[in-house]
Amino acid sequence: MAEEERTENLAQLIKRLRDEYHVNESEIARRIGVAPATVNSWTLGVRGTKRGPNKEKLRALAREFPKFTEQEIFAAAGRKAPGDLTPEAEERLLKLFKELTPEQQEMSEIQLRALRDANQPQ
């Protein structure tokens with residue numbers, strides 16, 4: 001399903017994941033390295049003081065439960081999945097970054113953080 005068509009939220013996705021894999025919240029939590037209460041809060045749609053699951057935990061869900069794609073999980077969490085960075089792309093970006101002045105590097109880092117932060121749920 002295309003990301004823009006998705007209406008499922010994270011609570012609904014986790015319920016579907018539990019049904020598909022016949023696991024409970026404690027098992028999900030154990031497999032992705034969080035407390036069972038954390039998965040429970042996601043299931044209930046509880047908004048805590050944090051911005052929701054971080055990208056590592058969302059990726060862990062996709063890794064541990066591969067019937068669900070990263071794109072699907074990130075969309076349910078209200079985010080776009082981060083793109084993969086090939087070694088070649090990483091090398092090109094690092095080469096460009098090294099050619100910048102210290103001031104330009106600092107400004108580029110600020111811009112990159114702003115772009116990253118824009119992909120966090122509100």
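# Reading the labels on a predicted model

Analyst: Let's start at the surface: L85, L93 and L96 make a nonpolar patch of about 300 Å². Keep in mind that this is a predicted model.

User: Where does L85 sit along the chain?

Analyst: You can find L85 in the loop between α5 (70–76) and α6 (87–98).

User: Why is L85 called partly exposed?

Analyst: Its relative accessibility is 48%. Buried would need a value under 20%, and exposed a value over 50%. The 48% of L85 falls in between, so L85 counts as partly exposed.

User: Which residues does L85 touch, leaving out those up to four places away in sequence?

Analyst: L85 touches E90 and L93. You have met L93 already, as L93 belongs to the nonpolar patch with L85 and L96.

User: Let's move to the rings. How many aromatic pairs does the structure hold?

Analyst: There are two aromatic pairs. A ring pair is described by the distance of the centres and the angle of the planes.

User: Why is the pair of Y21 and F65 called edge-to-face?

Analyst: Check the distance, then the angle. The ring centres of Y21 and F65 are 5.0 Å apart, and the limit for a pair is 6.5 Å. Their planes stand at 75 degrees, and over 60 counts as edge-to-face, so this pair earns the name.

User: What makes this pair a tie between separate parts of the sequence?

Analyst: Y21 lies in helix α1 (residues 10–21), while F65 lies in the loop between α4 (55–64) and α5, so the pair ties together parts that are 44 residues apart in sequence.

User: Is F65 buried or exposed, and how do you know?

Analyst: F65 has 0% relative accessibility. The cut-off for buried is under 20%, so F65 counts as buried.

User: Why is the pair of Y21 and F68 called tilted?

Analyst: The Y21 and F68 rings are 6.3 Å apart, centre to centre, with 35 degrees between the planes. Stacked needs under 30 degrees and edge-to-face needs over 60, so 35 degrees makes this pair tilted. F68 is in the loop between α4 and α5 and Y21 in helix α1, so here the parts tied together are 47 residues apart in sequence. F68, at 2% relative accessibility, counts as buried. Ring pairs link Y21, F65 and F68 into a cluster.

User: Now the charges. What makes the contact of R16 and E8 a salt bridge?

Analyst: The side chains meet at 2.8 Å, N to O. The limit is 4 Å, so the pair qualifies. E8 and R16 are also linked with E72 in a network of salt bridges.

User: Which label does each partner get, buried or partly exposed?

Analyst: R16 has 33% relative accessibility and counts as partly exposed. E8 has a relative accessible area of 13%, which is under 20%, so E8 is buried.

User: How do you know that R18 and E25 form a salt bridge?

Analyst: Their N to O distance is 3.7 Å, and that lies within 4 Å, so the rule is met.

User: Where do E109 and R113 lie?

Analyst: Both are in helix α7 (residues 102–117), four residues apart, about one turn of the helix. They form a salt bridge, with the closest N and O atoms 2.3 Å apart.

How values were computed. Residues numbered from 1 in each chain as written. Predicted model: local features only at pLDDT ≥ 70, side-chain atom pairs only at ≥ 80, totals over all residues. Heavy atoms only, no water. Helix = DSSP H or I, 4+ residues; strand = E, 2+ residues; numbered from the N terminus. Buried < 20%, exposed > 50% of the residue type's maximum accessible area, 1.4 Å probe, protein only. Contact = heavy atoms within 4.5 Å. Patch = residues over 30% accessible without salt bridge, like charges linked within 9 Å, V, L, I, M, F, W, Y side chains within 5 Å. Areas by Shrake-Rupley, 256 points an atom, 1.4 Å probe, with all protein chains shown as cover. Phe/Tyr/Trp six-rings, centres within 6.5 Å; stacked < 30°, edge-to-face > 60°.
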